[in-house]
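User: I am new to this structure and would like a close look at one part of it. Please take a single turn between strands and then work outward to what surrounds it.

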Amino acid sequence: MTERIIEIAEQSAFLNLSNNLLSIRLKDGKTAEIPVGEVQCLILSNPAVTMTGALLAALAENNAVVVISGKDRLPIAMQLPISGNYIQQERFRSQTEAKLPLKKRLWQTVIQEKIRRQGELLQKLHHDDFGLLNLAEKVRSGDPDNIESRAAVIYWKNFWKSSFRRDRDAADSNMMLNYGYAVLRAITARACCGAGLHPTIGINHHNRYNAYCLADDLMEPFRTVVDEAVYNLNPENTYIEELTQDIRRQLISSLQGKLNTADGMWKISDLIQRSAQQVAESFQTGEMLLRYN
């Protein structure tokens, strides 16, 4: 089934539910209708958008995420479905009761995959993995040696071959990274809910003020999808005045693409859903069932 990420940004609009269709009526009179079941993520970036409660309910029933952006076009809030799986109560219980050794092994697998993908992307862009592929193999259960941070220093130092620093407030490629990661986070939070998991209860992230700890955990290996898209948009990491519609569209498009795996080409959203499902099954069985290859 087609899964769409839709952004309403350039015009004010009225959104409502009509015969199980998302009906969009723009200020200029143009209209569009999309089956609610095809909506994966709806991003509201224009402050003049209005929508009905019936549409919000229908989107939730179809396990869609609604994201609200602030003045800087960056997402600031999300609506997530609270009943995404028929055995949700059972999954919640197994999630909260998961043993620490299992969570450490899950985190080891997540970080190994993240660093491996970082090394492969550096190799693709600069013909050198700068030791990251070897470093990925050294990650132990729970990453007690904090290899993730060591890999991040190497990764960003060599990514643009410049003085780039990951700074959320910088007016350069960081602006695009912030946006892409926010959309990725929404997609991952949706996958967590669909697997019957609570996106707040993480396997490693545990900030008391973070409502999406598990989503932040499981999105880690897929950040490189955003990184590559941002690099292609701004290979010299120059100053960016604003996140234009074209930039946002291309970042969204990158997350609707596919990745090559040992099982063939998979849609990114399907891989994220698979990883969330495997984590849920790991919690229920007590066995480490998360696999990326």
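Analyst: In this predicted model, the hairpin of β2 and β3 has 2 residues between the strands, and Asn19 there takes a positive phi near 55°. Most residues other than glycine have a negative phi. Asn19 is a residue other than glycine, yet its phi is positive. Asn20 also lies in the loop between β2 and β3, and Asn20 has a positive phi of about 60° although it is not a glycine.

How exposed are these loop residues? Asn19 has 73% relative accessibility and therefore counts as exposed, since the cut-off for exposed is over 50%. Asn20, at 48% relative accessibility, counts as partly exposed.

On either side of this loop are the two strands of the hairpin. β2 covers residues 13–18 and β3 covers residues 21–26; they pair in the antiparallel sense over 6 bridges. Within this pairing, Leu17 stands opposite Leu22 in β3.

The hairpin belongs to an open sheet of 4 strands, in the order β4-β3-β2-β6, with mixed pairing. The edge strands are β4 (31–35) and β6 (50–51), each of which pairs on one side only. Helix α1 (residues 53–61) packs on the sheet and touches β2, β3 and β6. The direction of α1 makes about 65° with that of β2.

Besides its antiparallel pairing with β3, β2 is joined to β6 by 2 bridges, and β2 and β6 run parallel. Leu15 has Met51 as its bridge partner in β6. Strands of a sheet pair through backbone hydrogen bonds, in either the parallel or the antiparallel sense.

Turning from the sheet to a pair of helices, α6 (residues 173–194) and α9 (residues 245–255) have axes that come within 10 Å and cross at roughly 40°. At that angle α6 and α9 are oblique to each other, because the angle is neither under 35 degrees nor in the range from 65 to 115. The crossing of α6 and α9 is right-handed. On the α6 side, the residues that meet α9 are Met176, Tyr179, Gly180, Val183, Leu184 and Ile187. Their counterparts in α9 are Ile247, Arg248, Leu251, Ile252 and Leu255. By type, the residues of this contact divide into 9 nonpolar, 1 polar and 1 charged.

Definitions and conventions: Residues are numbered from 1 along each chain as its sequence is written. This is a predicted model: local features need pLDDT of at least 70, side-chain atom pairs count only at pLDDT 80 or more; totals for chains, interfaces and linings use all residues. Side-chain values use heavy atoms; hydrogens and water are left out. Two strands pair if DSSP finds at least two bridges between them. Contact means heavy atoms within 4.5 Å. Axes are lines fitted to C-alpha atoms, for helices over the stretch in contact, and angles run from 0 to 180 degrees between N-to-C directions. Angles under 35 degrees count as roughly parallel, over 145 as roughly antiparallel, 65 to 115 as roughly perpendicular and the rest as oblique. A crossing is left-handed if the near helix is turned anticlockwise from the far one by less than a right angle, and right-handed if clockwise. Ala, Val, Leu, Ile, Met, Phe, Trp, Tyr, Cys and Pro count as nonpolar, Asp, Glu, Lys and Arg as charged, and the others, Gly among them, as polar. Buried means under 20% relative accessible area, exposed over 50%, partly exposed in between (1.4 Å probe, protein chains only).
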